[in-house]
Amino acid sequence: MAGFRIDRLSSDIQFQLTDIVRNLKDPRVASAMPTVMRVDVTNDLSYATVYIGALQGFDAAKEAVKGLKNAAGYVRRELGSRVKMRKVPELRFVADNSAERSAQISRIIDGFKKDEQDD
């Protein structure tokens, strides 16, 4: 039962953080067009690790994370006003390159498919 609650809370936080991050005016964040890839909340709900990806690549995601770390207090306050929680978790932002990795794997698979079709 507790796992379901944490999963539901993680998805609610991810949904709200996506909207909050898109409305930030910091040029490091706005220029990278970041996306919230995943949110992991600890069992005691005191910390939330937020994985940030960017359309421009991993370096842009790192820059976005730097901007988000500076705006962490504002983001946490906004999150607290949007999500009904007794205590809002402390946010930890991490750059995530899973989108690049999945695109690379997709290119490799497509290369194998082309090789099979050529045979």
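Begin by selecting Phe15, a residue of helix α1; helices here are DSSP runs of H or I with at least four residues, strands are DSSP runs of E with at least two, and both are numbered from the N terminus. The model is predicted, so that local features need pLDDT of at least 70 and side-chain atom pairs count only at pLDDT 80 or more, while totals for chains, interfaces and linings use all residues. Residues are numbered from 1 along each chain as its sequence is written, and side-chain values use heavy atoms, with hydrogens and water left out.

**Stop 1: helix α1**

Is Phe15 buried or exposed? Phe15 is exposed, because its relative accessible area is 61%. The terms are set as follows: buried means under 20% relative accessible area, exposed means over 50%, and partly exposed lies in between, with a 1.4 Å probe and protein chains only. Next, display the C-alpha atoms of Phe15 and Arg38: these residues are 23 residues apart along the chain, and the atoms are separated by 9.9 Å.

Move to Gln16, which also belongs to helix α1, residues 2–22. Gln16 has a relative accessible area of 19% and is therefore buried. Which residues does Gln16 contact, leaving aside its neighbours within four places in sequence? They are Leu79, Arg82 and Val83, where contact means heavy atoms within 4.5 Å.

Select Ser10 in helix α1. Its relative accessible area is 8%, so Ser10 is buried. With neighbours within four places in sequence left aside, Ser10 is in contact with Val39 and Val41. For a distance across the model, select Pro27 as well: Ser10 and Pro27 are 17 residues apart in sequence, and their C-alpha atoms are 27 Å apart in space.

The last residue to select in helix α1 is Ile6. Ile6 counts as buried because its relative accessibility is 13%. Outside its neighbours within four places in sequence, Ile6 is in contact with Val41, Thr42, Asn43 and Leu45. The C-alpha atoms of Ile6 and Thr42 are separated by 8.1 Å, although the two residues are 36 residues apart along the chain.

**Stop 2: two residues with positive phi**

Select Met33, in the loop between α2 (27–30) and β1. Phi of Met33 is near 50°, a positive value in a residue other than glycine. Met33 is partly exposed, because its relative accessible area is 45%.

Now select Leu45, in the loop between β1 and β2. Leu45 is another residue other than glycine with a positive phi, in this case near 60°. Leu45 has a relative accessible area of 14% and is therefore buried.

**Stop 3: the strands**

Select strand β1, residues 34–41, together with β2: they pair in the antiparallel sense over 7 bridges. Two strands pair if DSSP finds at least two bridges between them. β1 and β2 form a hairpin with 5 residues between them, and Leu45 lies in the turn. To follow one bridge, select Val36, whose bridge partner in β2 is Ile52.

Where does Ile52 find a bridge partner in β3? The partner in β3 is Ala95. In what sense do β2 and strand β3, residues 90–95, pair? They pair in the parallel sense, over 6 bridges. Colour β2, residues 47–54, by accessibility: the strand is mostly covered, with 7 of its 8 residues buried.

**Stop 4: charges over rings**

A charge sits over a ring if NZ of Lys or CZ of Arg is within 6 Å of the ring centre and within 35 degrees of the ring normal. Select Arg38 and Tyr51: Arg38 lies over the face of Tyr51, at 4.1 Å from the ring centre. Then select Arg92 and Tyr47, where Arg92 lies over the face of Tyr47, at 4.0 Å from the ring centre.

**Stop 5: helix α3**

Finish with helix α3, residues 58–70. Its 13 residues should span 18 Å at 1.5 Å a residue, and the end C-alpha atoms are 19 Å apart, which agrees; the expected span is 1.5 Å times one less than the number of residues. Select Ala60, Ala61, Ala64, Val65, Gly67 and Leu68, which are buried. These residues lie on the same side of α3, because they cover an arc of only 165° around the axis; the arc is that of the directions from the helix axis to the C-beta atoms. An α-helix has 3.6 residues a turn, so residues three or four places apart point the same way. On the other side of α3, select Asp59, Lys69 and Asn70, which are exposed.
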